[in-house]
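Me: I am new to this structure and would like a careful look at a single part of it. Please take one strand and explain what lies around it.

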Amino acid sequence: MTVSREWQLVRRPRGWPVPEDFRLAEAEVREPRDGEVLVRNLVMSVDPYMRGRMNDAKSYAAPYQLDQPMYGGVVGVVEETRVDGVEVGTTVRHGLGWREWAVVPARQLEPVDPAADGVPVSAYLGVLGMPGLTAWVGLHDIAEVRPGETMFVSAASGAVGSIAGQLAKIAGLEVIGAAGNAEKVAWLRDELGFDAAFDYHDGDVTQLLERAAPKGIDTYFDNVGGDHLRAAIAVMNPFGRVAACGMISAYNESHPGPDNLFQIVGKKLTVRGFIVSDHAHREPVFRRHVSGLLRNGRLAFRETHRHGIESALDALLDVLRGGQHIGKMVVDLG
């Protein structure tokens with residue numbers, strides 16, 4: 001019998017999560033039945049949306065159940081199989097992360113081939129995974145960007161923002177990013193080719209954006225909400241568009257909304273929220289496009305790795321607080 005460590009939610013956080021809300025437990029892993037495989041998880045994803053799943057409230061994502069294993073994106077290798085066509089040793093992506101081993105139904109498996117794509121397995125949780133698809137859909141389907149425009153990206157050094165900004169540059173836009181420290185700002189400007197970037201701690205975000213975009217902005221890729229959304233509305237040109245991907249500033253604390261929403265009417269703006277799971281049908285086009293950019297060296301990505309399942313909670317809290325990580329946060333489970 002295989003024994004697996006797993007993270008469980010033991011109480012629902014009020015405000016910021018604290019370690020006492022969670023438990024690292026051990027559980028026996030049963031043998032797979034017909035139509036299932038046993039997967040040894042290799043690397044798991046840590047994402048801001050997971051905070052919402054800790055609340056017992058109606059949302060686009062089902063809440064975590066107390067005293068049960070949490071879950072999320074993960075890549076692993078099949079160690080035992082009861083599924084025709086899925087061989088032992090196959091690398092797969094699935095949704096039963098936050099544990100070292102998982103019994104996974106065939107319908108939840110997606111075989112991946114890192115050797116053919118020339119990427120590490122962790123890339124299927126980032127640039128070739130949900131964050132990459134979010135960036136691609138938000139840019140092309142939601143914001144409907146056009147060459148020559150100016151786009152502002154918040155949380156621009158994160159898993160989604162860093163890809164969205166680069167894709168916008170490739171599409172012919174001028175791109176401005178906001179990030180949380182000087183190292184992140186330098187990475188955006190000097191390595192990813194953003195036209196301008198600033199540390200949002202350096203002053204009023206609206207004033208910082210006005211200086212970075214003296215001619216205004218036409219689109220805003222929103223990962224933060226709050227004062228970043230307020231700044232974008234204030235600096236946005238008439239008929240601008242907002243692709244609202246996330247609002248991490250409000251995930252753990254209650255904040256009033258921007259006080260300039262009236263400008264949406266006067267400037268004739270379009271503000272559209274989206275959830276990437278509604279756009280799964282776009283993945284084949286996204287995968288072809290982004291895989292080609294990676295092979296041609298036109299798209300860069302960066303990952304922050306934590307090691308061991310015991311580090312997963314600290315990794316999540318770091319992501320929620322906008323800590324020192326850059327790019328996609330993942331946890332190596334090997």
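Reply: What follows is a close look at strand 10 and the sheet to which it belongs. This is a predicted model, in which local features need pLDDT of at least 70 and side-chain atom pairs count only at pLDDT 80 or more, while totals for chains, interfaces and linings use all residues. Residues are numbered from 1 along each chain as its sequence is written, and side-chain values use heavy atoms, with hydrogens and water left out.

Strand 10 covers residues 196-199; helices (H or I, at least four residues) and strands (E, at least two) are DSSP runs, numbered from the N terminus. A196 and F198 on one side, and A197 and D199 on the other, are all buried, where buried means under 20% relative accessible area (1.4 Å probe, protein chains only).

Strand 10 pairs in the parallel sense with strand 9 (residues 174-179) over four bridges, pairing being counted if DSSP finds at least two bridges between two strands. Within this pair, D199 of strand 10 stands opposite A179. Helix 4 (residues 182-191) joins the picture here, since strand 9, this helix and strand 10 make a right-handed β-α-β unit; right-handed means that, with the strands pointing away from the viewer, the path from the first strand over the helix to the second runs clockwise.

The wider setting is an open sheet of six strands with parallel pairing, in the order 10-9-8-11-12-13. Strand 10 is an edge strand, as is strand 13 (270-273), and each pairs on one side only.

Technical notes. Buried means under 20% relative accessible area, exposed over 50%, partly exposed in between (1.4 Å probe, protein chains only).
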